[in-house]
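Visitor: Could you take me through this model and explain how each descriptive word is earned?
Guide: Gladly; let us set the values beside the definitions, one term at a time.

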Amino acid sequence: MTVPQIVIDTNVLISGVRSNKGASFRLLQLVGKSQFDIHLSVPLVLEYQDVLSRPSVVLPITPTDIEHLIAFHCFVATHHNIFFLWRSFLPDPKDDMVLELAVKANCDFVVTYNSRDFTGVEKFGVKIATPAEFLNVIGVER
């Protein structure tokens, strides 16, 4: 069986950091453990940093913890440069950035809570799953 290839949307990262309960947290616990591979691009890492560092986003971790989390994801991820832009295929340009990465990386899934915002991406061979749905796909209990 091949290891699923995924992109983790920012909303999943925030959810997993906000609470140590639920599917997002469980998914983040599995990053780097060989049950799936994550893929990153510079724009997605910058978005992770931006959103996790916003004063309006209250998190139970320190700025140093945020840096370590992002550094770990960068360490274990496969990195991609994106040389094409389809803007705008999806309603939100930041979702287009995630889709572009998923297509470039030949990912199986984008893991997100905004599945409605990714309508139509199946034409690119990418599936959309919530963290709970993805954990079910790989046979992991929450």
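**Reading the terms**

Guide: Ser 34 lies in the loop between helix 2 and strand 2, where helices (H or I, at least four residues) and strands (E, at least two) are DSSP runs numbered from the N terminus. The model is predicted, so local features need pLDDT of at least 70 and side-chain atom pairs count only at pLDDT 80 or more, while totals for chains, interfaces and linings use all residues. Residues are numbered from 1 along each chain as its sequence is written, and side-chain values use heavy atoms, with hydrogens and water left out.

Visitor: Why is Ser 34 called exposed?
Guide: The word buried means under 20% relative accessible area, exposed means over 50%, and partly exposed is in between (1.4 Å probe, protein chains only). Ser 34 has 58% relative accessibility, so Ser 34 counts as exposed.

Visitor: What makes the phi of Ser 34 worth a remark?
Guide: Most residues other than glycine have a negative phi. Ser 34 is not a glycine, yet its phi is positive, near 75°. Asn 106, in the loop between helix 5 and strand 4, also has a positive phi, of about 55°, although it is not a glycine.

Visitor: How do you know whether Asn 106 is buried or exposed?
Guide: Its relative accessibility is 62%, and therefore Asn 106 counts as exposed.

Visitor: Why is His 73 called buried?
Guide: His 73 is found in helix 4, and its relative accessible area is 2%, so it counts as buried. Leaving aside residues up to four places away in sequence, His 73 touches Ile 8, Leu 13, Leu 28, Val 31, Ile 38 and Leu 40, where contact means heavy atoms within 4.5 Å.

Visitor: What makes helix 3 and helix 4 roughly antiparallel?
Guide: Axes are lines fitted to C-alpha atoms, for helices over the stretch in contact, and angles run from 0 to 180 degrees between N-to-C directions. Angles under 35 degrees count as roughly parallel, over 145 as roughly antiparallel, 65 to 115 as roughly perpendicular and the rest as oblique. The axes of helix 3 (residues 42-53) and helix 4 (residues 63-76) come within 11 Å and cross at roughly 165°, and the two helices are therefore roughly antiparallel.

Visitor: Why, then, are helix 3 and helix 5 called oblique?
Guide: The axes of helix 3 and helix 5 (residues 93-104) come within 9 Å and cross at roughly 135°, and therefore these helices are oblique to each other. In their contact, Pro 43, Leu 44 and Glu 47 of helix 3 meet Lys 94, Met 97, Val 98 and Leu 101 of helix 5.

Visitor: How do you know that Phe 109 and Phe 134 form an edge-to-face pair?
Guide: Rings of Phe, Tyr and Trp (its six-membered ring) pair if their centres lie within 6.5 Å, and planes under 30 degrees apart count as stacked, over 60 as edge-to-face and the rest as tilted. A search of the whole structure finds two aromatic pairs. One of them is Phe 36 with Phe 134, edge-to-face at 5.5 Å centre to centre and 80° between the planes. The rings of Phe 109 and Phe 134 have centres 5.3 Å apart and planes at 70°, so that pair is edge-to-face.

Visitor: What links Phe 36, Phe 109 and Phe 134 into a cluster?
Guide: Ring pairs link these residues. Phe 36 has 2% relative accessibility, so it counts as buried, and Phe 134, at 0%, counts as buried.
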